[in-house]
Amino acid sequence: MDEVSEVSPRDRLVISLLLVSAFVVILNETIMGVALPRLMDDLGITASAGQWLTTAFMLTMAVVIPITGFLIQRFNTRPVFLAAMTLFSLGTLVSAMAPGFEMLLVGRVIQASGTAIMMPLLMTTVMTLVPPSSRGKTMGNISIVISVAPAIGPTISGIILSVLDWRWMFWLVLPIALGSLILGGIRIQNVTTPRRTPIDVLSVILSAFAFGGIVYGLSQFGEAANGSSIPGWVPLAVGFVGLACFIARQLVLQRRDRALLDLRTFQSRTFTVSILVLAISMMALFGTVILLPIYLQDVLGLEPAAAGLMLLPGGLAMGLLGPVVGRVFDKHGPRVLVVPGALLVASAFWALTLIDASTPIPWVLACHVTLSIGLAGMFTPLFTSALGSVRPQLYSHASAVVGTVQQLAGATGIALFVSVMTLQTGALMAAGTAEVPALAGGIRMAFLCGAVIFLFAVVAALFVRKPAAPAGPPPSSSMHDGKEAPAAPLAH
């Protein structure tokens, strides 16, 4: 395939199937938030227990994603896709039929296992099949999946819950998941050449302790107000110790190309900077997705459906801008998008530090739309620059790193925003402030912390570069010939 040629119809079909399937599975990561009050009443559970329906989902993804680099290298596209969608469909069915909380939690874990495989598979396939000259446009579609799906999850669940039982959140998704599974089984073709890569069992165990411990610890900090019995620092300490051991193990194994998660991706300066900015942006996205529904419902008094619809314009803006941003990236590179995008997000955060119990709804809506437009301008160039800056043999590992960072950053954002909100709300109530104004003050302080942290992303955005074209033939041509892509020097 010539570097400037269009993607073939076969490859376009594969990418389209992966995009639709990934959107469906990622959507479920945040769909439970608005449903929590209904689930607490219906299943007779506490808020602390209910939060596990989201926490367990993120925890499972954090544990499984690091393994996907190995899976994508070891197996062909089709069986990996079928495994991911089968797991997701099974988890959706179990959740829809769950008679109680325990079975619903099991279903969410099975769902997350399939979701964790899908995103790295999508990114690796795109980097393999799409020539560098048009990757921005395709990655723009991926940014819709990664950023818009979590953003509109609360909107969709709010609409469903306004007219139907909570189980319909799963029954309505199941036919789409099964359709993707069947269509993929019939039409999707193998587009990569697997390599016989042995799996290091110790690395799998260490990654589970590392990423699982960190995500669980952060979630415990975020749920401190619910009287969690386990201090957040305990699993967090286990996670960081496990992470140190995991990194040391990978540094040894990657000398023989046997690493579970090859860390040579970070030898690329562009990859490292892009991942840093992406992590802070994901913290902003997930923290805002959690905080705004709380503010809209508990401070401004909106119903769940109305609160969900308030987040819809921002989600639609991100979706509509994705392909446009991709085309601009292909022509002009990342800086003209990332820097203005970061400034927009920062300005939205500072504007949200002004909210209180009497803030007009149009002000909140304008802030959320501005934030969404800014993130839309950042995600596509960050994904494309990061993945395009590593050599082809590391695409699967780079995709797994991006997915892992997304989960860790999302958990960090939720924990940080909720913890700051909880602490400040408690302090204000102890000082005699009424409950609703105190909650508004807590949310305002959380957004202030987000605004300060995002200043680091604004500075780092200045150093994001467009990756240099890889040396030699594009990776897709060598893959189609059934040969492994030749090594290319790392772009800095």
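Helix α2 (residues 36-43) has the buried residues Leu 36, Leu 39 and Leu 43, where buried means under 20% relative accessible area, exposed over 50% and partly exposed in between, with a 1.4 Å probe and protein chains only. These residues lie on the same side of α2, because they cover an arc of only 60° around the axis; the arc is that of the directions from the helix axis to the C-beta atoms. Just after α2, Gly 44 takes a positive phi of about 65°. Helices (H or I, at least four residues) and strands (E, at least two) are DSSP runs, numbered from the N terminus.

The model is predicted: local features need pLDDT of at least 70, side-chain atom pairs count only at pLDDT 80 or more, and totals for chains, interfaces and linings use all residues. Residues are numbered from 1 along each chain as its sequence is written, and side-chain values use heavy atoms, with hydrogens and water left out.

**Helix α11**

The 21 residues of α11 should span 30 Å at 1.5 Å a residue, which agrees with the 30 Å between its end C-alpha atoms; the expected span is 1.5 Å times one less than the number of residues. The buried residues of α11 include Leu 243 and Phe 246. The buried set covers an arc of only 125° around the axis, which puts it on the same side of α11. The face turned away from this buried side carries the exposed residues Trp 233 and Val 241.

| Helix | Arc of the buried residues |
|---|---|
| α2 | 60° |
| α11 | 125° |

**Aromatic pairs**

Rings of Phe, Tyr and Trp (its six-membered ring) pair if their centres lie within 6.5 Å; planes under 30 degrees apart count as stacked, over 60 as edge-to-face and the rest as tilted. The count comes to eight aromatic pairs. One of them joins Phe 211 and Phe 246 edge-to-face, at 5.5 Å centre to centre and 75° between the planes. Phe 211 lies in helix α10 and Phe 246 in helix α11, so the pair ties together parts that are 35 residues apart in sequence. Both Phe 211 and Phe 246 are buried. Elsewhere, ring pairs link Phe 349, Phe 417, Phe 447 and Phe 454 into a cluster.

**The second largest pocket**

The lining of the second largest pocket consists of 19 residues, of which Phe 211, Leu 243, Thr 404, Val 405 and Leu 408 lie nearest its centre. A pocket is an open set of points on a 1 Å grid over the protein atoms alone, where a 1.4 Å probe fits, with protein on both sides within 12 Å along at least five of seven lines; lining residues have an atom within 4 Å of a point. The largest share of this lining, six residues, comes from α17.
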